[in-house]
Amino acid sequence: RASPSRLPPRSSAVALSAAAFISSCNKSDHQPQPPAPKFQVVAPVANQVYNQGDTIFMHAIVTADLTLHGYHIWLTNPSTGDSLFHVHEHAHATMLEAKHHWVDTFSSSADLLFTISTAINHDGDVAVKEVPIKVLP
């Protein structure tokens with residue numbers, strides 16, 4: 001379930017990206033916590049299995065009652081901390097749509113994590129949705 005929270009950094013690179021993302025907008029007075037954004041992850045599907053050479057399509061839609069402040073997408077290997085894919089889109093809208101892809105180059109099995117996050121204000125509050133997937137050689 002997606003809910004507003006402070007995003008715990010997965011690595012220093014993720015933390016730095018998130019900090020740059022949030023500080024790139026003009027700071028405004030603290031506003032009341034908005035309702036949680038709604039995430040629709042079209043792809044990947046939770047626990048989907050991919051083979052080496054498969055294209056992993058990443059398609060997500062985030063909607064909210066108030067203006068969102070862009071998104072980050074990561075494809076990571078939680079067991080190693082490696083970031084395999086990262087993209088950031090800085091946009092202001094009540095609906096954000098992300099469409100990206102990555103080709104599986106793994107020569108061994110691994111559990112990966114697709115993560116999308118969006119800033120819900122300029123105070124560092126973000127909403128996050130995670131989807132686990134698996135890659136095989």
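These legends describe close-up views of a predicted model.

**View 1. The whole chain, one helix and seven strands.**
The order from the N terminus is β-α-β-β-β-β-β-β. The protein chain has 137 residues, and 41% of them count as buried. Its exposed surface comes to about 7,300 Å², with 52% supplied by carbon and sulfur atoms. Take the contacts between residues at least 6 apart in sequence: 73% of these join residues at least 24 apart.

**View 2. The hairpin of β6 and β7.**
Strands β6 and β7 run antiparallel and are joined by ten bridges. Leu112 stands opposite Ile133 of β7. Six residues separate the two strands. Gly124 sits in the turn, with a positive phi of about 95 degrees.

**View 3. The pairing of β3 with β7.**
Strand β3 covers residues 49–51. Three bridges connect β3 to β7, and these two strands run parallel. Asn51 has Leu136 of β7 opposite. Strand β7 is thus seen with two partners: β3, parallel, and β6, antiparallel.

**View 4. The salt bridge between Asp111 and Lys134.**
A search of the whole structure turns up one salt bridge. Its partners are Asp111 and Lys134, whose closest N and O atoms are 3.2 Å apart. Asp111 belongs to β6 (residues 110–119) and Lys134 to β7 (residues 126–136), so the pair ties together parts 23 residues apart in sequence. Side chains of opposite charge can pair when their charged atoms come close. Are the two partners buried or exposed, or in between? Asp111 counts as partly exposed, at 48% relative accessibility. Lys134 counts as partly exposed too, at 29%. Both values fall between the 20% and 50% cut-offs.

**View 5. The aromatic pair of Trp102 and Phe106.**
The structure holds one aromatic pair. The ring centres of Trp102 and Phe106 lie 6.3 Å apart. Their planes meet at 70 degrees, so the pair is edge-to-face; the cut-off for that label is over 60 degrees. Trp102 is buried, at 14% relative accessibility. Phe106 is buried as well, with a relative accessible area of 15%.

**View 6. The largest nonpolar core.**
This core has 26 residues. Which members touch the most others? They are Ile56, Ile73, Leu75, Trp102, Leu112 and Ile116. Strands β4 (55–77), β5 (82–103), β6 and β7 each give two or more residues to the core. The largest share is that of β4, with nine residues. Trp102 also appears in the aromatic pair, and Leu112 in the β6 and β7 pairing. In soluble globular proteins, nonpolar side chains tend to be buried together.

**View 7. The surroundings of Ile116.**
Ile116 is one of the core residues that touch the most other members. Neighbours within four places in sequence are left aside here. Beyond them, Ile116 is in contact with Phe39, Ala60, Val62, Tyr71, His72 and Ile73. Ala127, Val128 and Lys129 are contacts as well. Ile73 is itself listed among the core members that touch the most others.

**View 8. His86 and Thr115.**
His86 lies in strand β5. How far apart are His86 and Thr115 in sequence and in space? They are 29 residues apart in sequence, and 9.5 Å apart from C-alpha to C-alpha. At 32% relative accessibility, His86 counts as partly exposed.

Conventions: Residues numbered from 1 in each chain as written. Predicted model: local features only at pLDDT ≥ 70, side-chain atom pairs only at ≥ 80, totals over all residues. Heavy atoms only, no water. Salt bridge = Lys/Arg side-chain N within 4 Å of Asp/Glu carboxyl O. Helix = DSSP H or I, 4+ residues; strand = E, 2+ residues; numbered from the N terminus. Buried < 20%, exposed > 50% of the residue type's maximum accessible area, 1.4 Å probe, protein only. Phe/Tyr/Trp six-rings, centres within 6.5 Å; stacked < 30°, edge-to-face > 60°. Core = buried A, V, L, I, M, F, W, Y, C linked by side-chain atoms within 4.5 Å. Contact = heavy atoms within 4.5 Å. Pairing = 2+ DSSP bridges. Areas by Shrake-Rupley, 256 points an atom, 1.4 Å probe, with all protein chains shown as cover.
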